[in-house]
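Subject: Structure for you to look at

Hello,

Here is the structure I promised to pass on. Have a look at it first, and then read my notes below.

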Protein chains: 2
Amino acid sequence: MTTASSASSSRDLPHPAREEIRLEGVLHALSDPVRLRIVRELAAEGVELSCSYFDLPVTKSTTTHHFRVLRESGVIRQVYEGTAKMNGLRRGDLDALFPGLLDCLLTAAARQAVRHDVP
Amino acid sequence: MTTASSASSSRDLPHPAREEIRLEGVLHALSDPVRLRIVRELAAEGVELSCSYFDLPVTKSTTTHHFRVLRESGVIRQVYEGTAKMNGLRRGDLDALFPGLLDCLLTAAARQAVRHDVP
DNA sequence: CGAGTCGTACGATAAACATCGTAGTACGGG
DNA sequence: CCCGTACTACGATGTTTATCGTACGACTCG
């Protein structure tokens, strides 16, 4: 073990601080179908999920890209856990910045999914 | 007056039907600072506004472009009124599709504006 | 009708984006 | 120590986007 207490890994990823999260960035991140789906699954499961948990209709390269967009916009937090990279919604930060927005967006996405996927 | 009741003009603009409005499209439309600002002013005034009402930091060409993106994504409705083109939020349609979303977004945008513009 | 105002269309451009494939790095287990 | 898994980095590509300028069309008012 190193010096720190819970250094699950040495690789650290850059995240925007709470105050740096911009609404425009969040909306842009969620305006892509693949990314919106990721966030919906993340919210549905309620726990951190590895990238490989998701079965997305794109290659792994593209998946990495989408996860990075979500992280850099402040929507998710990514942490290495051994060989896996765990992804968690930044619910606390988002709710503090924009109360109710995330739930509202998730509800809207769910309604649209019902409307289109179950005709 | 012509035959129709309120044919303020002959030029008609294509709008998506309510069912055709996609959440991703709305989010993408609002992820641009200029367009978010337009929507905020539109909501604040509560009435239809002409394009020239807005004092945007872009040229007229670009303004036209942004208004079209908003219209084609289903966020606003545009109607010619003589020489002016009036723009109105499609509140009814948006609220029916995604209840509470528009207000949530407007609140979020307002909070962010306060946080950044009035430090 | 003529001039002015309001907005569009079109073409150009530079930047951003989504996507892929390949090659490579980090980690854990035999 | 080597291998497999998980993810990344980089380069390429085609599409979309934001922006502008100029030229034009529609309407109003004198």
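**What I found around DNA strand D**

The surface near DNA strand D is made up of 15 polar, six charged and four nonpolar residues. Please keep in mind that this is a predicted model.

Which residues come nearest to the strand? Of the 25 around DNA strand D, they are Thr64(A), Thr83(A), Lys85(A), Ser61(B) and His66(B). On the DNA side, 70% of the atoms of strand D that come within 4 Å of the protein belong to sugar and phosphate.

Some individual contacts are worth finding on your screen. In chain B, the side chain of His66(B) has an N or O atom 2.4 Å from a phosphate oxygen of DNA strand D, and Thr59(B) places a backbone N or O atom 2.8 Å from a phosphate oxygen of that strand. In chain A, an N or O atom in the side chain of Ser61(A) is 3.4 Å from a base nitrogen of DNA strand D. The elements giving two or more residues to this surface are α3 (60–72) and β3 (84–89) of chain A, along with α3 (60–72) of chain B.

**The hairpin in chain A**

β3(A) pairs with β2(A) in the antiparallel sense, over six bridges. Within this pair, Met86(A) in β3(A) stands opposite Val79(A). Two residues lie between the strands of the hairpin, where Gly82(A) takes a positive phi near 70°.

Strand β2 of chain A, residues 76–81, has two faces: Ile76(A), Gln78(A) and Tyr80(A) form the covered one, while Arg77(A), Val79(A) and Glu81(A) form the uncovered one. In a regular strand, side chains alternate between the two faces of the sheet.

Best wishes

Conventions. Residues numbered from 1 in each chain as written. Chains lettered and ligands numbered in written order. Predicted model: local features only at pLDDT ≥ 70, side-chain atom pairs only at ≥ 80, totals over all residues. Heavy atoms only, no water. Near = heavy atom within 4 Å. Polar contact = N/O pair within 3.5 Å; in protein donor to acceptor, adjacent residues only side chain to side chain. Helix = DSSP H or I, 4+ residues; strand = E, 2+ residues; numbered from the N terminus. Nonpolar A, V, L, I, M, F, W, Y, C, P; charged D, E, K, R; others polar. Buried < 20%, exposed > 50% of the residue type's maximum accessible area, 1.4 Å probe, protein only. Pairing = 2+ DSSP bridges.
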